[in-house]
Amino acid sequence: MVFENKNSHWIDPYTHKFKESFKDINLLDKKKEYWRFASPSIWYDKFTLKKFQETRSSQSIKFDVTNYNFLRFNDGILDTETLRNFINKNKNVEICSFESIFLKKDHWSSLKFCQAQLNAEKSYERPLALFNGFNAKDGVFIKFKKGVKKDLHIIYEGNNKKNCCIRNLFDFEENSEIKVYEHFYGNSKYNVVSELFVADNSKFEHYKIINQDISETVIYHFFGNCKKNSKVKTVNFSFTDTPVRNEINLYLEGTNCDATVASMGFGKKESSICDNTVFISHQEESCKSRQIIKNALKSGAKAIFQGKIFVASKAQKTDGYQMSNGLILTDDCEFLVKPELEIYADDVVCSHGSISGTLNDDHLFYLRSRGIPLKEAQKKLIQAFFSEILDEVSDDNIVYYIQNQISEILTL
Amino acid sequence: MSELKLEAKDGIDQETINSVKSLGESYKYGFTTDIDMEYAPKGLSEEIVKLISKKNDEPDWMLNWRLEAYKRWVKMDEPNWPMLNYKGIDYDDQYYYAKPKSLEKKPKSLDEVEPALLETYAKLGIPLKEQEFLAGVISPENNKDTKPKKVAVDAVFDSVSVGTTFKDELEKLGIIFCSISEAIKLYPDLVKKYIGTVVPRSDNYFATLNSAVFSDGSFVYIPEGVKCPMELSTYFRINAENTGQFERTLIIADKKSYVSYLEGCTAPMRDTHQLHAAVVELVALDEASIKYSTVQNWYPGDENGKGGIYNFVTKRADCRGANSKVMWTQIETGSAVTWKYPSCILRGDNSQGEFYSVAIANNYQQADTGTKMIHLGKGTRSRIVSKGISAGKAQNTYRGLVNIHPKAANSRNFTQCDSLLIGNKCGAHTVPYIENKNNSSRTEHEATTSKIDDDQLFYCLQRGINEEDAVALIINGFCKEVLQALPMEFALEAQKLVAISLEGSVG
């Protein structure tokens, strides 16, 4: 819809394709296996209905980014000043906004744009990502050149109740080491698609923090293609009481890839739905993947995990691991998981586990016998429950920030 | 038996190796029996349903029940969600009823049964004459002090029950063990009360088909407080070509009763696929306990995937009473396609469901099997142990559901599903669904997929065991947990089956 005013452009066929596939099939049919645990309307209706929450759920302390490289989106539009600052400060990085790729005929991104998503759509369609495909208004396209080491924070803010469809593309050349932190705040609705191309020997860490004050929804699709010896880690933190859908698709296309997907969620209200849908496809030999999902649930909150490890017949020596834990704190919560393995190679080690239940009585008793009051003991155990996810974070400032958020929720 | 135990401690189970070696042929139940058969016309219509009902001399309520199911079935679609890939079944090219002509008049005793029929069962190693023990399983010398073991058998040949043994002895205790067609006539109230209450008439496509055309099967009723003194067992045999077998089994264990039930299945080798769609319903009332064991060894098709049985079975247990218990044990080695999810509805407080399964798929076999544990009552417990083995070009899927309802407080589930892959052209898949909806319950699930450990294989080879035997040995170890849950009568047979099914899959 956004592109209709422009002259024809290389991007148009993609937009058209997404629009058509979205129209073609009844993708939002809630009887589909894809929507088994949560109806698509939970998310989709948010973008079609103009209704917004009247009150902000709660304020959250913002992470201080002044000493970091950062980009900011206001109500889904990239703040050009932050973009200029970034360009001035950083070499060996090519960056532009989604809008500006229209200005150049042969933009470097034209070869990659939508490729990761289309690759993933081959196995099954992701309706909400298709929706993004023909509704995206802005985004950031970044290419990190060979050997670059960088941190980048991206802040999504908005206080004007807007629908924000954002499309990002991250391209890493060989031997680069990049960390991207994404922070979500405000009362806008977010539908973000990030595509990721990790070249040989590159390392990419991705952290996404969905803060407490998000009052509508965040739908995040992450499509990654990983080449030889690359290392990818994506960690999701969700503190909001609104529906969040975190969808990760990683294609390990080269040998010796290493992929980690971690997600923690703390739901405290009935309106809280934390949905993690993960698909990791092992296409080549000797790749390793790990998925760790942890959800604490209170007062009617719901957590969903649909994870799949796919191992193609030539992907021998695969090491796949999947763990989903649900900590159910009150009686009316639901923890729904479907950890799947689909394996066509014989020399593999794949395992998955899932445990759900409440706090361990023995652990509580131990702490109380040491003189710690019940409430305090419960808090400690909940913090300990999440510690495995925090271990994945390499930046100490972020670890403190997350720990503070958790304790803030626990004192509520 | 003590001798066997000693050797097992040494790490090598000599018995297993011997049994593997002694079995030369790959599917030894593949013979056919030439018997004059009486068929209903091919295809499925209301007339066929009426005919089946008439042949069984059924009362009107049963016929209406069937017709209602048929009407529903016509409107249903075959499910396409399993990970199974097979040519569509032509439901009009099947015989829905086949009966040996000699059984036109129901024989009064086994002496009146046609010798060819009895021979068939003799060949399968199933004693239809009342026997004190199963030959070859428990040798009398080792069991001098113990009481001889008895097994009552109901044999179903194509569409009809051939005969049931030990009926009199069971009757003394008030136990009813007969074919379902007899039960409909003799105990209509019991059948009426329970049939279709666990697996509703239109539960799924295949159960609905079964409800319309089921021809025979077993019926068991254990009265209150009775512990069934012997194993009850049914042997199903498909013999006629192009014939679907649709049996229906209904087991009711009244309060504080116990029964162990065994089920075995074989079929001849034929080039065409044959359809088998059974329904099994178990009802366990207060403090009752049912143990249901299956060795499914339908013809799996040849090594090129030609022929074999399409096995679509709906099995479900309803633990209605408090403290009731149901245990499913299954060894799935046969069938070209298996679609089977023995489930437990844990309705009674503190009821317990267990599921032990070994599913082996070789050559072009495909299996999509697992279980459902639905926790409704408080303090319900379930345990799932599933072992899947894929070899050749086979696909093996575990599909399971554990659902703990908000009101099922203090429930527990433990699930373990392991898959083993032999060769890189096969597939092993795990699709568990775990839904926990209250905070006092706990679910645990673990699954692994791997190949045969090189170290274990090396150890066996180095001890002079050839590769194929070594693999059989390791696999037996892999399945041990499940094999141990089987009644003695089946355990050895199952162990042999595991070895046969994988023959030729190594190297």
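This passage describes how chain A meets chain B in a predicted model. Local features need pLDDT of at least 70, side-chain atom pairs count only at pLDDT 80 or more, and totals for chains, interfaces and linings use all residues. Residues are numbered from 1 along each chain as its sequence is written, and chains are lettered from A, with ligands numbered from 1, in the order in which they are written.

In the interface, 34 residues of chain A are in contact with 31 residues of chain B (C-beta atoms, placed from the backbone, within 7 Å). Three strands (DSSP runs of E, at least two residues, numbered from the N terminus) each supply at least two residues to this side of chain A: strand 17 (319-328), strand 18 (334-343) and strand 19 (349-357). Strand 18 gives the most, with ten residues. By class, the side of chain A that touches chain B holds 15 nonpolar, ten polar and nine charged residues. Here Ala, Val, Leu, Ile, Met, Phe, Trp, Tyr, Cys and Pro count as nonpolar, Asp, Glu, Lys and Arg as charged, and the others, Gly among them, as polar.

Strand 19 of chain A pairs across the interface (pairing requires at least two DSSP bridges). Seven bridges join strand 19 to strand 23 (residues 442-451) of chain B, and the two run antiparallel. Ser351(A) has Thr448(B) as its bridge partner there. Ser356(A) stands opposite Thr443(B).

Within chain A, nine bridges join strand 19 to strand 17, in parallel. Tyr321(A) has Ser351(A) as its bridge partner in strand 19.

Key:
Contact = placed C-beta atoms within 7 Å. Helix = DSSP H or I, 4+ residues; strand = E, 2+ residues; numbered from the N terminus.
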